[in-house]
Amino acid sequence: MKKLTLYFLLMTTSVMAQKQRVQLINNEAQKRVDVTVDGKPFTAYIYPGPDVLKKPVLYPIRTAGGNFITRGWPMDPRPGERVDHPHHVGMWLNYGDVNGHDFWNNSNDVKGHGGPFGTIVHTGVKSLKSGGEKGELAVTADWLDKDGKPMLQESTTFVFSGTAKERRIERITTLKALDKDVTFKDNKEGMVAIRLARQLEHPSNKPEVFTDASGVATKVAQMDNSGVTGKYKSSEGIEGEKVWGTRAKWMNLTGVINGENVSVAILDNPKNVGYPTYWHSRGYGLYAANPLAPSIMSEGKDKPMNYTLPAGKSVTFRYTVLITSGTVSDESLSQKIN
């Protein structure tokens, strides 16, 4: 009888594990929520606080094959990485001019920017759900001005899923203006973004500063482009670094990491303000979509938007990131636009 009970207990545990292929684990002590797919690390929502990061982010992000698509520096430096833009960590959403406050460039190592700076502070995990096909995480945050007063209240839901060859992140972020109107003045620094691993950058011959084998910043006169294989392509057929400042429904970045062919696609959503978005995507590893700055992104060809959110009103932004091990066709990406 005891053996039979143990058998059913093991069977039940096995079935439960199969049902929850996508698992979310909340670690309040470490201020992070880890996400795994079939027991393999995928990403983590981290919110260490303003002493470490001026915004919550998803970091790191891995392919189905276990390779990092995100840069390690400055959180976890890896040999051969660029040492620049310390505010570029993992995947994030913020903006460069919100009622005159710069949320984009804020970090503990601000150089060349005058501010005033805004800070996004995590305020809570509303819900967390593991599942067989997907896992969901709902969180809240406040966008604070230079005096620490909230100007925007953020509610974000992340939907995580995966297969043997694909990882998927859906981010749905609602921003609510509090006691006064909030204006997102046209600014190139926005809005949803990923800072990429070195292998997914575009090759470049400019002298730069990189981390050496010990993680120390070192000036390099001639860059080593070994294994640097990144290439952008937009839904409009534009390729390479020419995608900057163009509009497209989606962008796809392809490359090879440790022998794994990788595709990282960001999909805009027709319900978003400014659809189809402009792309603030650079060959050095910044991969961003900016829907709110037509005059800047078009270099003056289009009129300013200066998007204003009235006090008490809300706006929602929706983005999907598809990380594929292997190739993905233009047609399939276009079909995924909702």
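This report walks through the strands, ring pairs and charge-over-ring contacts of a predicted model.

**How far to trust it**

Confidence is a good place to start. The chain's pLDDT averages 92, and 91% of the residues score at least 70. The stretch to watch is residues 6-17, where pLDDT is below 50 and where the model shows zero contacts beyond near neighbours in sequence. Where pLDDT is low, the predicted coordinates should not be read in detail.

**The eight-stranded sheet**

Eight strands make up an open sheet with antiparallel pairing, in the order β6-β7-β8-β9-β20-β16-β15-β14. At the edges are β6 (119-129) and β14 (231-234), each of which pairs on one side only. From one strand to the next, the twist averages 20°. Within this sheet, take β16 (residues 260-267) and β20 (residues 314-325): they are antiparallel partners over six bridges. Val 264 faces Ile 323 of β20 across that pairing.

**β2, β3 and β4**

Now to the strands earlier in the chain. β2 (residues 32-37) runs antiparallel to β3, with six bridges joining them, and Thr 36 has Pro 41 of β3 as its bridge partner. The β2-β3 hairpin has two residues between its strands, and Asp 38 takes a positive phi near 50° there. β3 (residues 40-46) is mostly covered, with five of its seven residues buried. It also pairs with β4 (residues 57-61), again antiparallel, through three bridges; here Thr 43 is matched with Ile 61 of β4.

**β5, covered on both faces**

In a regular strand the side chains alternate between the two faces of the sheet. What does that look like in β5? Met 91, Leu 93 and Tyr 95 are on one side, Trp 92 and Asn 94 are on the other, and all of them are buried. Because five of the five residues of β5 are buried, the strand is largely enclosed by the rest of the structure. Its antiparallel partner β11 (residues 190-195) is joined to β5 by five bridges, with Leu 93 standing opposite Val 192.

**Rings**

The structure holds 10 aromatic pairs. Two of them share Phe 184, and they compare like this:

| Ring pair | Centre to centre | Angle between planes | Geometry |
|---|---|---|---|
| Tyr 95 and Phe 184 | 5.8 Å | 65° | edge-to-face |
| Phe 184 and Tyr 307 | 6.3 Å | 50° | tilted |

Why does the Tyr 95 and Phe 184 pair tie together parts that are 89 residues apart in sequence? Tyr 95 belongs to β5 (residues 91-95) and Phe 184 to β10 (residues 182-184), so the contact spans that separation. The pair with Tyr 307 also links distant parts of the chain, since Phe 184 in β10 and Tyr 307 in β19 (residues 307-309) are 123 residues apart.

And are these rings buried or exposed? Tyr 95 and Phe 184 are both buried, with Phe 184 at 0% relative accessibility. Tyr 307 has a relative accessible area of 19%, so Tyr 307 counts as buried too, the cut-off being under 20%.

Elsewhere, ring pairs gather Phe 42, Tyr 45, Tyr 47, Phe 158 and Phe 160 into a cluster. Phe 42 has a charged neighbour as well: the charged end of Arg 167 sits over its ring, 6.0 Å from the centre. A similar arrangement involves Trp 92, where the charged end of Lys 55 sits over the ring at 5.4 Å from its centre.

How values were computed:
Residues numbered from 1 in each chain as written. Predicted model: local features only at pLDDT ≥ 70, side-chain atom pairs only at ≥ 80, totals over all residues. Heavy atoms only, no water. Pairing = 2+ DSSP bridges. Helix = DSSP H or I, 4+ residues; strand = E, 2+ residues; numbered from the N terminus. Axes fitted to C-alpha atoms, helices over the stretch in contact; angles between N-to-C directions. Phe/Tyr/Trp six-rings, centres within 6.5 Å; stacked < 30°, edge-to-face > 60°. Buried < 20%, exposed > 50% of the residue type's maximum accessible area, 1.4 Å probe, protein only. Lys NZ or Arg CZ within 6 Å of the ring centre and 35° of its normal. pLDDT = per-residue confidence, 0-100. Contact = heavy atoms within 4.5 Å.
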